[in-house]
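Thanks for coming, everyone. I would like to walk through one chain today, and I will put it on the screen before I say anything about it.

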Amino acid sequence: MPRSRIAGIGMYVPENVVTNQDLTQWMETSDEWIQERTGIRERRYAHRTEETTTTMAVEAARQAMDMAGTTPQEIDFIVFATLSPDYYFPGCGVLLQRAMKMREIGALDVRNQCSGFVYALSVADQFIRSGMYRNILVVGSEKHSFGLDFTTRGRNVSVIFGDGAGAVVLQPTEEPGRGILSTHLHSDGESAEILAMYNPGTHANHWKEEAYAAFDEADIGQMFFSHAMIDQGQIYPFMDGPAVFKKAVVKFPEVILEALHANGLQASDLDMLIPHQANLRISQFVQQRLGLRDDQVHNNIQSYGNTTAASVPIALCEAVRLGKVKEGNLVCLAAFGSGFTWASALLRW
Ligand code: COA
């Protein structure tokens, strides 16, 4: 059975740099608070009208395909991870297929937030191993800047997130020991509401029941979206930061060690850990727990913030371009996020 390998990788971040200081014009926050708690100095925001989750994905995908030496017509399947799609539906997969003038191939959208890219990679890996496809485009892309609460009410979430895209082309390889060695996926829905965007949705939470009582049947459409929902900030993401932090620092090391042990390896064997860029403090905690040196971990949240599904491919792409990941290196990709879901992929570059 062939393994899959990353034959090409690309990344795109918008030109517009937004510093911590820039954020203080909209909300009560400070560069000091943000850097101390998250490590973030700045992030990128997409152009309001000209850049979307899909257009950024196209830029990253072009680079990945160039590196892999494939054309859009040769791509057999798309797996697209995002929590900030261009439309509520259809997903970004078909928009990417259209934008890149690909054949009438399958396009799958993954909704696993911060773990989205590693989940997407795992799905693509199975299709390559089974022999069903030979060229799969796996993408993570986010335009968070369009859906954040830029008032002080939303500051605990808004200061963390940034926009960007990353993409890889996955192909089969017969080279012994190379490529994706294994992937590991997990979830625990007990805490689904701790890091979530509830609306618009079909759930009937307390707030919605109140809203329902206030409307007559003629206004049933208001259950999906209403002025009150907007006024009360119910359209923005919610996060219990400390609870997320506590769970992340347990699950990150667990899923990294799971991948290593599944392959008879240990942390000291790792050449590079690419953790999802949730918070620099989380990455540092994980590094310490695993006893890794600074040169064994690549972080770039300082410059881009948390780009959710795009963070792992952006960080991997950057590490490759900086020469921090070289041919034959053992690399672990790991992510944790909303759901909760968490995942890892161990690969020999
Ligand atoms: N600027 C200034 N003050 C802020 C702020 C901001 N951007 N955001 C929150 N605060 C305030 C709070 O209002 C609170 O004030 P109070 O003590 O007067 O009530 C205080 O800072 C502490 O808030 P708390 O939420 O306890 O801070 P924290 O130390 O846990 O840090 C996070 C907050 C969000 C940075 C941190 O919890 C975190 O990073 N968690 C993980 C989040 C994550 O990784 N999310 C991505 C998912 S993959």
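**Backbone, burial and aromatic pairs**

Let me begin with Thr 308, which is buried, with a relative accessible area of 1%, where buried means under 20% relative accessible area, exposed over 50% and partly exposed in between, for a 1.4 Å probe and protein chains only. What you are looking at is a predicted model, in which local features need pLDDT of at least 70 and side-chain atom pairs count only at pLDDT 80 or more, while totals for chains, interfaces and linings use all residues. Residues are numbered from 1 along each chain as its sequence is written, and side-chain values use heavy atoms, with hydrogens and water left out.

Thr 308 is not a glycine, and yet it has a positive phi of about 50°; its position is the loop between α11 (301-304) and α12 (311-321). As background, most residues other than glycine have a negative phi, and most peptide bonds are trans. Lys 101 also has a positive phi, near 50°, but Lys 101 is exposed, with a relative accessible area of 66%, and it lies in the loop between α4 and β5.

The helix just before Lys 101 is α4, residues 92-99, whose buried residues are Cys 92, Gly 93, Leu 95, Leu 96 and Gln 97. The cover over those buried residues includes α3 (53-68), β4 (77-81), β5 (106-110) and β6 (136-142), with contact taken as heavy atoms within 4.5 Å. In the loop between β4 and α4 we find Pro 90, and the peptide bond leading into it from Phe 89 is cis, with omega near 0°.

Stepping back to the whole chain, there are 12 helices and 13 strands, these being DSSP runs numbered from the N terminus, with helices (H or I) of at least four residues and strands (E) of at least two. The radius of gyration is 20 Å, close to the 20 Å that the globule rule gives for 349 residues, so the chain is as compact as a globular protein of that length; the radius is taken over C-alpha atoms, and the rule is 2.2 Å times the number of residues to the power 0.38. Buried residues make up 55% of the 349, and of the contacts between residues at least 6 apart in sequence, 78% join residues at least 24 apart.

Now to the aromatic side chains: how many aromatic pairs does the structure hold? There are nine, counting rings of Phe, Tyr and Trp (its six-membered ring) whose centres lie within 6.5 Å, with planes under 30 degrees apart called stacked, over 60 edge-to-face and the rest tilted. In one of them, Phe 77 and Phe 127 have ring centres 4.8 Å apart and planes at 65°, so the pair is edge-to-face. This pair links distant parts of the chain, since Phe 77 belongs to strand β4 and Phe 127 to helix α5 (residues 116-129), 50 residues apart. Phe 77 counts as buried at 7% relative accessibility, whereas Phe 127, at 23%, counts as partly exposed.

Phe 336 and Phe 340 form a tilted pair, 4.9 Å centre to centre with 35° between the planes, and both residues are buried. Together with Phe 252 and Trp 342, they form one aromatic cluster. Phe 340 lies in the loop between β12 (330-337) and β13 (341-348), and a cis peptide bond joins Gly 339 to Phe 340, with omega about -15°.
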